[in-house]
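Here's a quick tour of one protein model, written for someone who likes to have the coordinates open alongside. Have a look at the fold first, then read on.

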Amino acid sequence: MRLFDLTSEYQHLLALIDDGEDFNAALDELRGDIKVKAENYAKVIKTLESEADAIREEAERLQAKAKHRANAVGRLKAHLLTGLETSGLERVTGTVYTVALQNSPPSVEILDESLVPDLWRKATLTVPVASLPSDLVEQAELSIDKRGVIESWQRSGETCAGLVVRQNKHLRIR
């Protein structure tokens, strides 16, 4: 479908497609035989479908390009972080940007859940209140209280068997 195959009133309709009110008003103003109208509507519909497909393809291309750029940023940051750590530098001040190593928030890695004491376990129940049984422990879903482990580690610097608290570094560019 080529744009010049449309009459001027239908070309005007295409031009108004992104303006809802004017588009609807232009639709109401179209006159003519229903057969001619139907054919021109079909032409406009096919043109819009082609444009929508082209826009979708372009959006996919741009998303892939953005993902590629984001991956490149990640690789550059990792390489710069390694370089700063290897050279023993914590901060580099340039004329435009300052690049510094900064501690990330600590995280907990569970090595062996069976070694973790009950102090750091929490139970979660998902049952209807009306049918709440008397023995709750058997129905509990157990998990490790990672936030509690981190808070204790920050106070004492110690953790328990089965857990490792990690505090990595990340780059900060200002």
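A word on burial before anything else: buried means under 20% relative accessible area, exposed means over 50%, and partly exposed is what lies in between, using a 1.4 Å probe and protein chains only. This is a predicted model, so local features need pLDDT of at least 70 and side-chain atom pairs count only at pLDDT 80 or more, while totals for chains, interfaces and linings use all residues. Residues are numbered from 1 along each chain as its sequence is written, and side-chain values use heavy atoms, with hydrogens and water left out.

**The overall picture**

The protein has four helices and seven strands, where helices (H or I, at least four residues) and strands (E, at least two) are DSSP runs numbered from the N terminus. Read from that end, the order is α-α-α-β-β-β-β-β-α-β-β. Of the 174 residues, 20% are buried. About 13200 Å² is exposed, with carbon and sulfur atoms supplying 54% of it; accessible areas come from the Shrake-Rupley method with a 1.4 Å probe, and for residues only the protein chains shown count as cover.

As for contacts (heavy atoms within 4.5 Å), take those between residues at least 6 apart in sequence: 61% of them join residues at least 24 apart.

How confident is the predictor? On pLDDT, its confidence in each residue from 0 to 100, the protein has a mean of 81, and 76% of its residues reach 70 or more. Among the elements, helix 2 (residues 20-29) has the lowest mean, 66, and strand 1 the highest, 95.

**Helix 3**

Helix 3 covers residues 34-87, which is 54 residues, and reaches 78 Å from its first C-alpha to its last. That is close to the 80 Å expected, the expected span being 1.5 Å times one less than the number of residues. Its buried residues are Asn40, Val44, Thr47, Leu81 and Leu84. After the helix comes glycine 88, with a positive phi near 75°.

Helix 3 also holds a salt bridge, between the side chains of glutamate 58 and arginine 61. The two are separated by about one helical turn because they sit three residues apart in the helix. An α-helix has 3.6 residues a turn, so residues three or four places apart point the same way. Glutamate 58 is partly exposed at 35% relative accessible area, and arginine 61 is partly exposed too, at 42%.

**Salt bridges**

The structure holds seven salt bridges, each being a side-chain nitrogen of Lys or Arg within 4 Å of a carboxyl oxygen of Asp or Glu. Side chains of opposite charge can pair when their charged atoms come close. Here are some of them:

| Acid | Base | N to O distance |
|---|---|---|
| Glutamate 58 | Arginine 61 | 2.5 Å |
| Glutamate 109 | Arginine 166 | 2.6 Å |
| Aspartate 118 | Arginine 121 | 3.5 Å |

What does the pair of arginine 166 and glutamate 109 tie together? Arginine 166 lies in strand 6 (residues 163-166) and glutamate 109 in strand 3 (residues 107-110), so the bridge links parts that are 57 residues apart in sequence. Arginine 166 is partly exposed at 37%, as is glutamate 109 at 33%.

In the third pair, aspartate 118 is exposed at 64%, whereas arginine 121 is partly exposed at 22%. Salt bridges with shared partners join Glu113, Asp118 and Arg121 into one network.

**Around strand 2 and helix 4**

Threonine 98 is in strand 2 (residues 98-103). Buried or exposed? Threonine 98 is buried, at 18% relative accessible area. Leaving out residues up to four places away in sequence, threonine 98 touches Arg91, Val92, Thr93, Arg172, Ile173 and Arg174.

Tyrosine 97 is in the loop between strand 1 (91-93) and strand 2, and is exposed at 53%. With Leu80, Val96 and Ile173, Tyr97 makes a nonpolar surface patch of about 410 Å². Patches are made of residues with over 30% relative accessible area and no salt bridge, joining like charges within 9 Å and nonpolar side chains (Val, Leu, Ile, Met, Phe, Trp, Tyr) within 5 Å.

Tryptophan 153 is in helix 4 (residues 146-156). Beyond residues up to four places away in sequence, tryptophan 153 touches Pro106, Glu158, Val165 and Gln167. Tryptophan 153 and valine 165 are 12 residues apart in sequence, and their C-alpha atoms are 7.6 Å apart in space.

Key:
pLDDT = per-residue confidence, 0-100.
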